[in-house]
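Visitor: I'd like to walk through this one with you, starting with the open spaces and then moving on to single residues. Could you pull it up?

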Amino acid sequence: MRHILHVILFLLIPLCFVSCREEKISSDPTLRLAFSADTVRFDTVFTTLGSSTCAVMVYNPNKNAVNIQSVAVSTDFFQLNLDGENDRSRLNNITLNGGDSLFLFVRATIDPLDVNSPVFITDSVCFLVNGNTQRIVLEAYGQNVQIIRSPSRYTVEQNYHFTADKPYLIFDTMEVSGTTVMDAGATLYMHSGTSLYLLGSVSAKGTLAQPVRITGDRLDRLFPKVPYQMASGQWGGVYLLSLDGTQVADTLDYVEILSGNVGLYAYSSSAAVPRKIVLSNARIHNHALYGVVLRNTDATVCNSEISNCASYCLYLSGGSCLLTHNTIASFFGYPYTNLNIHTTGRDDVPAVYISLSDSAAAPATVRMYNNIITGARTANLVLDTVFQSGYEGELANNYIFSDSVLAPWSHDNVYATKDDTVFVNTYYLHGEYNYYDFRLDSVSPARGIGNPAYALPYDRLGIPRQAPIDAGCYQWQPK
């Protein structure tokens, strides 16, 4: 027994010395802390709402413990939490043992501002150790917004005018009857689960320099090099609904609708009175379900990019549709990204689906000229009818990755092979920050196949179209 006690004492005595040595607090003024980041940058922070929380590790790389005399910031724009303590008055006289670390969490909250444009806010977290101050720089852009929300979680308006003065943060699903107007430069940030139901006419007239933009309200980052905007399904969708048999006409020019479940859904309950829509120079991208759905809708769609949707990029059912110089490209998820920022898209749904079998819809007549229809799937164009030979539409001078359409109304199209290089980039690599880019590659087989008779004078980026005419919404330009 005595022998065992001697062994235990022999083992414990060195541990006591180690423990005492680790807890010795050094006053050496040359000792420094180390941080996992020397700067914390927040993406745009909406006033009054606050940002996501960023974490920084605080290390003591020294042999001995140090006393952190104080941890402080000089403004109220940033809130601190150091290892669970968020009371600023208690962030002092903190012992950090040698080789140990602390978690520092930082959150930004910007008070309401009197200006509408983003304002740059900066501060520093100051650590005072043995008379020396070390800093972690804090940076954020504060943006004043107009918040739309309702106690019932459903906002109803008779008419609504979205201006470009400052962005809108839409917290609850919003229904507008009457007229909806969106000025050039208007920006709508949609909170999770919210949608727009626009029952009257819509006039959304952006410009190349100031598009109308509708997107999710997460402006932070999934990962350091991955903005949250690259994740689909952040919000609901934009629904243009005619439910009472009244004729309604919409104009949407230079509109960007990004990263929701559904981009644009236009519908009339009356097959005899279709909704009418002109969609031009638009970009509808990265949706967890559909890009554009047109049901009982007479539509002109031109110079638009409709891309990366888990289901159909374009679904047509009922109405007369003219599509000219559009790029419809579905490279959603699958093997085209090295980061799981999408739900994997179904392989059995085409990029473009034209339905003639919907008994509740008017006959669908679709004319398509100078378009690109392609994607990761093998069949990107489906005409759902048992009477293809009697179809009254026209499909001409398009680049299509799908089975050949052998019918009198389909002619002068180029059918793709899987080895074609069509676009600048059809994948996302977050390490190199290469994002999808649906402008034409120099060797693209979509170059020069367009019919000048259907050509639009400018492409979506304002570049003049000159012979030879390229298919799609982007005319190729040499670097």
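Visitor: How many residues line the largest pocket, and which lie nearest its centre?

Guide: Bearing in mind that this is a predicted model, the largest pocket is lined by 31 residues, and F42, S52, C54, D220 and R221 are the ones that lie nearest its centre.

Visitor: What volume does the largest pocket have?

Guide: The computed volume of the largest pocket is about 790 Å³.

Visitor: And which strand gives the largest share of the lining there?

Guide: That is β2, from which eight residues of the lining come. At least two lining residues are supplied by each of β2 (39-46), β3 (54-59) and β20 (221-223).

Visitor: How do the residues of that lining divide into nonpolar, polar and charged?

Guide: The lining of the largest pocket has 15 nonpolar residues, nine polar ones and seven charged ones.

Visitor: C54 was in your list, so is C54 buried or partly exposed?

Guide: C54 counts as partly exposed, because its relative accessibility is 23%, and the limit for buried is under 20%. Another cysteine, C321, counts as buried because its relative accessibility is 2%.

Visitor: How many disulfides does the count come to?

Guide: The count comes to zero disulfides, where a pair of cysteine sulfur atoms would have to lie within 2.5 Å to be included.

Visitor: Next pocket, then. How much space lies in the second largest pocket?

Guide: About 290 Å³ of space lies in the second largest pocket. Its lining is made up of 14 residues, and those that lie nearest the centre are V424, R439, L440, W476 and Q477.

Visitor: Which strand gives the most to that lining?

Guide: Strand β43, which covers residues 437-440, gives the most to the lining of the second largest pocket, with three residues. By class, this lining has six nonpolar, three polar and five charged residues.

Visitor: What about closed spaces, how many cavities of 30 Å³ or more does a search of the whole structure find?

Guide: The search finds one cavity of 30 Å³ or more, and the volume of the largest cavity is about 50 Å³.

Visitor: Which residues line the largest cavity?

Guide: The lining of the largest cavity consists of M182, L198, V202, A204, V212, I214, V238, L252, V255, I257 and L264. By class, that makes eleven nonpolar residues, with no polar and no charged residues in the lining.

Visitor: Which strands each supply at least two residues of it?

Guide: Those strands are β18 (202-205), β19 (212-216) and β24 (255-258), each of which supplies at least two residues of the lining of the largest cavity.

Visitor: Stepping back, what does the secondary structure of the protein chain come to?

Guide: The protein chain has one helix and 43 strands. Of its 479 residues, 51% are buried, and among contacts with a separation of 6 or more, 61% are between residues 24 or more positions apart.

Visitor: How much area does the protein chain expose?

Guide: The chain exposes about 21800 Å², and carbon and sulfur atoms supply 53% of that area.

Visitor: Now some single residues. Where is R295, and what does R295 touch?

Guide: R295 sits in strand β28, residues 290-295, and, leaving out residues up to four places away in sequence, R295 touches Y265, A266, Y267, S268, Y315, S317, G318 and D358. R295 is partly exposed, with a relative accessible area of 22%.

Visitor: How far is R295 from L241?

Guide: Their C-alpha atoms are separated by 9.9 Å, while R295 and L241 are 54 residues apart along the chain.

Visitor: Where is A379 found?

Guide: A379 is found in the loop between β36 (372-375) and β37 (381-384), and A379 counts as partly exposed at 30% relative accessibility. Beyond its neighbours within four places in sequence, A379 is in contact with P350, A351, F401 and S402. From A379 to A351 the C-alpha to C-alpha distance is 8.0 Å, with their positions 28 residues apart in sequence counted as the separation.

Visitor: Last one, is S444 buried or exposed?

Guide: S444 counts as buried, because its relative accessibility is 5%. S444 is in the segment after β43, and S444 touches T421 and V422 when residues up to four places away in sequence are not counted.

Terms used
Residues numbered from 1 in each chain as written. Predicted model: local features only at pLDDT ≥ 70, side-chain atom pairs only at ≥ 80, totals over all residues. Heavy atoms only, no water. 1 Å grid on protein atoms, 1.4 Å probe; cavity = no way out; pocket = protein on both sides within 12 Å on 5 of 7 lines; lining within 4 Å. Points joined across faces, edges and corners; volume = space filled by probe spheres on them. Helix = DSSP H or I, 4+ residues; strand = E, 2+ residues; numbered from the N terminus. Nonpolar A, V, L, I, M, F, W, Y, C, P; charged D, E, K, R; others polar. Buried < 20%, exposed > 50% of the residue type's maximum accessible area, 1.4 Å probe, protein only. Contact = heavy atoms within 4.5 Å. Areas by Shrake-Rupley, 256 points an atom, 1.4 Å probe, with all protein chains shown as cover.
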